[in-house]
Structure formats: structure tokens, C-alpha cells
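Biologist: I'm new to this one. Could you walk me through how to read it?

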Protein chains: 2
Amino acid sequence: MILQKYKGTIYPINPYADEILNTPVYSKIKDIPESVDLAIIALTAQQVPKIVQECGEKGVKVIIIVTGGFGETGNEVGTERENEITKIAHKYGMQIIGPNCIGIFDPYSGINSFLVPRERTIGYPTKGNIALLSQSGAILVTLLEWCAYRGIGISKTCSYGNAIDVNESDLLGYLKQDTTTKVIGMYVEGVKEGRRFYKTLREVTKAKPVIICKVGKTEAGAKASKSHTGSLAGSVESFKAMFKQTGVITAKDLEELLDICYCFATQPLPKGNNVGIITNSGGHGVLAADALENNDLRLAEFSSKTLEQLHSLPQHCTPSNPVDLAADADTERYEWVTKLILSDPQVDSVLVVTIPSGPNIEFQTIKTLVAVMKSSKKPIISCLGSTFKQFEKYKRFLEWNKIPVHTLPERAIRTLGALVEYKRWYQHVQ
Amino acid sequence: MILQKYKGTIYPINPYADEILNTPVYSKIKDIPESVDLAIIALTAQQVPKIVQECGEKGVKVIIIVTGGFGETGNEVGTERENEITKIAHKYGMQIIGPNCIGIFDPYSGINSFLVPRERTIGYPTKGNIALLSQSGAILVTLLEWCAYRGIGISKTCSYGNAIDVNESDLLGYLKQDTTTKVIGMYVEGVKEGRRFYKTLREVTKAKPVIICKVGKTEAGAKASKSHTGSLAGSVESFKAMFKQTGVITAKDLEELLDICYCFATQPLPKGNNVGIITNSGGHGVLAADALENNDLRLAEFSSKTLEQLHSLPQHCTPSNPVDLAADADTERYEWVTKLILSDPQVDSVLVVTIPSGPNIEFQTIKTLVAVMKSSKKPIISCLGSTFKQFEKYKRFLEWNKIPVHTLPERAIRTLGALVEYKRWYQHVQ
């Protein structure tokens, strides 16, 4: 898919170059004849205060400071530099993103301040409805690479580093009213204004789900986070309480963060917590069933009509939930059972496990399932156990058709749990 | 890599065919002129007892029954069939693997009873030192596909289904003395002889590590496991206590099971629990540091000599543990720091995180790191955050060189925790 190209004008500034990529270079920002909305500063830390001053004089509105070597170093010089640039920015009414960050990527406007050469990334994700915020630049790049690979679309992203001016609450407030954003995922080391963060979250989650992967949960992690973005990680318990009181969904790692965001972005909210499981591997059925309890989900009790119909399955299949279609399951058996389970009023959401090495599973099986899944008004997700390259196209086909696909059944069930958790919160606060 | 081809004679038996794959077909087992060591039965459940009787008369030593439709169905007919075939087998002194399983794959002898067409799998894993046991056939195939893809070598594997005769304790006893096996991984739904399993585990873990992913931990999971392999999942608490008392390492999911096995298969046991972390992404450093506590690991306190030397890193790097080499880290910086940290006597094991989209990371960086890692006498593992296809070769290069590589830092740290846990157990029981 083609990315939106940035349509505004870009002015390279460098005292030692005349031309960069066929674009004339200015030696100072004040030499630019037009007005400048956004300045991206990627210089050594020592040079930054002087350049921020020049930006202020030029009337720049927003600055992204990529440079590290400020408060996160833990030394006085770094902290002083931060104070100095904040003072200058306030004087001129400028907003600062960073320092120690990679800034913004917005596939809608084409703005991209990431200093990551294009040939080093998988390409950027396409337009979508997930916003991602991360203090860490490398974490954000990692997440975006996964998105691009999996066909997961993005609305807005921002890496905001030390957050000396624009912080998590400002960004959340913006995303609440951003019409392209349906769900917000965050990687958080620490927050700048705890009380304001709390209040902002309470408002935002009334409108859209917020999923947070909070790190610095242990002494060692907190120490590492302090030297990374200068963040005070805060007490685990207080964050836990805050997230509970504000309806935030917590993600235990980056994979879960993205998995949950993707599920919210593509699936409707379920009516309740009754899950139907269809599989051609009994073991995967057990793993999925085991994961329900921790996610406050239940194995759906099928209606008597469904149970009766399931008895027409071959004898070696399991005609109850989880429905084991057995190793010889084929397209027809999958299609028939998936339609049946989806139509059961006692089923609120469905997980379909397909181990593609089953002798009768073809690409057509996946295509047929996708057609059934796309017509569903209930959340439906899939699990393909295999990592075999030959089956990679099955996964991509599911994901490009907006059906979340997982390798581990536990991870799949976790995303359904998140939908139910938010549904309850949403009903509670409306 | 070329697989060992099975060198014995294979006799296809089917009353309706004359020839299969250029091999003459016998209509009954008793028509085979030579003696038969192993019979693989893949017929309908109704036919199995009669065929088992014929195997007994022929003097077959071991039978693998692939067929499902026995005790796991929960109906009387299935259970009676199981009793009948067990009786026949005992009468003739035959051993049974299964029913409801896919049996054995042994890359050393080339025996492979899996009914998975070769073109449907990634190919099978090569010879190695990890044994895998699983009641579920599909779970075992899933694990082996991962192994093949990641270049993880296998010693022996067995899917033993309903375990009406040969069970987990028999298999563990065999693997204890199997010289090709260094580490044993198991997927367990239930066990047949609890007391014997306990005693066997206590003996086996004195010789080699055993890692178990136990399922059926919740009511829903136990129900699913009952209808899958007819296993009674047993109480979570009693299994937890058993594993603790026998030095078994528990894996929370299939990925962790394989990750830990691979770490044991390739890495030496560490002296203690002090971990050094090297990264070019501060965020990944925080995630790794956070994961230490739950695994009973610590951030190593570097020696004063190491700390002193780290101060020659550029100012925007973090010269303490986790060592953040910053986004502009290159091969030279990685090599120098990795050697330095590995040589610190206060460091027992090392995690090296390399986010490959960093502008100065080349394939050469990975090659150089692998050379340093391979010369290490301490456990060393790696984390490559990216799933970008271009960097897939980096991962494969690490894994083919026996350096475990992970996408999530938490998963990497978990494997180091398992090494330390087993080291303590091993010292305790010697």
C-alpha cells in the first residue's frame, strides 16, 4: 500500500551543506523566507538551547528534539539544559516534544520525524485507527514494524521521550477528539503529572479504549527507566489502582499491547463473556480453555439446538465446547461448525484454531473461514499454531482481512478478555 | 540439513492395495515373511482390537495406535475398546503407544510415525539434544515445526495420546539414560500414575533438566483435557507442589517450553543470578530489567574496573547496567562492551539486545557478536526486537550458531531464570 507523502515544504538547515536530496539547505532557521510550523532538532545536546532560541525568534510553533543527553543522564548539566530550553520555549509560546525521542509519524498527513532510514524498516504501517504513544523511540519503531508486517493500520503515533513539555496527558487529550483514532495503545515508563493523567484517562476511556504497557514495575526496572527517559516509575500499586479506576486495559508486554489494540480496532464489543472455541487440535483447545478463567471469560454453554446438530459430526470429533474437529477436519466441516457456533445465541465471541498441517486444511479453508468471519456481528479471532513459512500467507490473509491471528491460543483469549473488560467499563460509565 | 533416512524395512499392510510408493503391500500382517518390531495402526476404532490381536499372533513388540475414538470420547464403548486392546497386548507382551496419538519421531534412527505429509510441514528438525514428549499430536507437530524453522535440534520425540500402556513415566525413564538427550520438554494434560511420575521425575532431574507445560489448570481447561485425551487433569496445587519438590521447571506456554529447552540445550549453567544487560534500545533494557525479579535474577553490579572503562562510552550512552549503547551503536561499540561485560567476574550471564533498525547496525554487527558470544563460558542470549523480514537472517544466523534469540526481552530473561533455577536444584540434589 502506498503511504501518504508529506505535502508541506521541508527546509533542511545545516551550516555546512548547500543541498540535501536536491533541496536547498539553509544555514540558519532565520534565513528561511516563509514561516515554519515545526522544527525537528537533531544536534548534540550542547547546541540545542541556542537553536531553540533561534526557533523562538523565528516564530516556530512546535519543536521535536531528537537529541539525548538531558535529564535522563542523571547529571546536573543535563537537567539544567532541560530547564533552559523549557524556559525559552515558554517565553516564545512554543511546544516541545522530547527531548530524547523520535517524535511523530502520522500516516494521514505524511508527517514523519523518525530518524530511521526507510531501507532499515519494513516500510511504515498504513492508515488505520490505532494510535500508539511511547516514551521510547526504539519501542515505537519495533511496534510499527510489527504493524507494517501484519497489515495493522495506524492513526497517529508519537515518541515523546523525556516529556519536558508535551506529555502523556496532552497527547491523550488530543487523541480523544481525533476522529481517525478508535483505540489508543501506550508504552509508559513514568508520568509527569499523576493527578492530571488520572483525570485525563477517566475522560478518554469513556470515549475509546486505552491499553497501557507500564514498565518500571520492579526496583531493577525502575532504575533502568530512570536512566532511560529520566522517568520516575512510581509505585506499582498506585498505577494498578489508577488503571483499575479509570478503565485502562493493562498489557503485560509489547506483543499483548499490539494484540489487544488490533482486536479493538477490528472487532465489535461482545455482549457477554461466553466464548465458543473451534479447533482441529485438542491440545490447543485445552490451552485456550485454560486461559479463559484469568480473563474473566467462560466456556459458552451451547444451546440444545447447537448440541443436537453437533452430534452429526464424525464420532472421533468432540461435539461440545471446545469443539474438536479432529486432525482430518476439512473446509466443509470448519465452515459448517463455525456458522453453527456463531449463530448460537448463547455464544458471545468465537476463537477458531486452525493447525494448517492437518491433512485436509487448504488455503481455501482459510478463505472460506474468512468469508464466514467477515459476515459475523460477534467478535471472532483466530489462532494458527504454525510458524511454517508455507502457511505465512494464511496468517497474512486473515490479518489483511481484519481477522486477528495468533500463534499461541492464550494470547488469542487474552484479547477477547480485554474486549469484555472494556465493554463492562463502557456500560458502567455511560 | 539432510535427515537420517530410516534404514529398516517398511511393510505397508492394506487389503485393497497391491503397491504403495513402489513397495509391495501385504493384505494381512501375518503374510509378512520376516519378523516385525513395530506396527503402526491407523484404522477406524472398531477395527483396532482385531488388528492388535493379529499383531500379537505375529510377535510384534510395539504398537503405535494413531486412531482416536477410545477413552477420550467419554462413552462406554470407547473405554471397553481400550480395555480390550490392553488385555490383548499384555497377553502377547506387546507395548502400546497411544491410542489417539501420532507416535514417534527420532531423527537419529529416522523412525517417523507421524501421519503428516512431508509437504505440509517445514521439514523435520535436525539431530540435536532436546527430547519432547506430548500427549497431543498437534501440539508436538507445532513444536517440531518451530524447531525445524529455528534450527533447534531434537533427540527423540513421542506423542502418546491416551497413554493406556506406555505412559509419561516410562518415557521419562527411557530418556534419562538416552545419551543423545540433554534436556526434556513435556506438554502434559494429565498423568496415569501420579506416585510413579513423582518418583521418576525426582530421579530424572538429578541427571538432566525437565521442563513441563502443564495444562488443564482451570475447570474449563480440565474439561477440555478430559475430552481430548481422556486425561484427569488433577489439582493444580498438587502438580505445583510435585514440580517444586522434584526440581521440574514449569513453562507457562508452548513458546516458553521451547525457549527454555533451547537455552538448556545450548548454554552452560551460570554460576549465580547476576545478569548483565547490553542494549541499543533503552526501552528494551527497562523491559528486561523488569523481568528479572519474577525470575529470581538480579541486575549484576559491575566491578569498579568495568564501571571505569564504561565511562569511555559517548556521553549519551548509559555506562551502568543495563548498558544503553544508544541508537547510534555500531559493531565496534557492541563488540567492545560485550567483551567487557562478559569478562566481569561479577556478571554470571548476559543478555544482548540489538534493535536492527539502528542506523549503524549491520549484518556484520551480528556476525561479530556471535564470534564473541561463542567464545563465552557464561550463558549468553540475545533479543532482536524486530520482526522485519530483512532481519530474519540475523535471527537465523544467531540460532544456527546456538545463540538463543527472542523477540520479547521478558521471554529472554525467563530462560536465564530457568538456568539458575535448575543450577540451584542440581547443586542441592548432588
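## Reading the model step by step

Modeller: Gladly! Counting elements is a good start: chain A has 14 helices and 18 strands. Please keep in mind that this is a predicted model.

Biologist: What is the radius of gyration of chain A, and what would a compact globule have?

Modeller: With 430 residues, a compact globule would come near 22 Å, and the 25 Å of chain A agrees with that. Along the principal axes, the C-alpha trace of chain A spans about 80 × 50 × 35 Å. Of the 430 residues in chain A, 55% are buried.

Biologist: Which rotation superposes chain A on chain B?

Modeller: A rotation of 180°, with 0.0 Å of shift along its axis and an RMSD of 0.0 Å. That is the relation of a two-fold axis. In chain A, the C-alpha of A:K389 is the one nearest the axis, at 5.8 Å. Both copies use the same surface, as 100% of the contact residues of chain A recur in chain B.

Biologist: Now a single helix, please. Why do the buried residues of α7(B) line one face?

Modeller: The general idea first: an α-helix has 3.6 residues a turn, so residues three or four places apart point the same way. In α7 of chain B, residues 236-246, the buried ones are B:F239, B:M242 and B:T246. Seen down the helix axis, they fall within an arc of 60°, so they line one face.

Biologist: What do those buried residues pack against, and what is exposed on the other side?

Modeller: They pack against α5 (194-207) and β11 (210-214) of chain B. On the other side of α7(B), B:E237, B:A241, B:K244 and B:Q245 are exposed. After α7(B) comes B:G247, with a positive phi near 70°.

Key: Residues numbered from 1 in each chain as written. Chains lettered and ligands numbered in written order. Predicted model: local features only at pLDDT ≥ 70, side-chain atom pairs only at ≥ 80, totals over all residues. Least-squares fit on C-alpha atoms with pLDDT ≥ 70 in both. Contact = placed C-beta atoms within 7 Å. Buried ≥ 20, exposed ≤ 12 C-beta atoms within 10 Å, placed from the backbone. Helix = DSSP H or I, 4+ residues; strand = E, 2+ residues; numbered from the N terminus. Arc of directions from axis to C-beta. Rg over C-alpha atoms; globule rule 2.2 N^0.38 Å.
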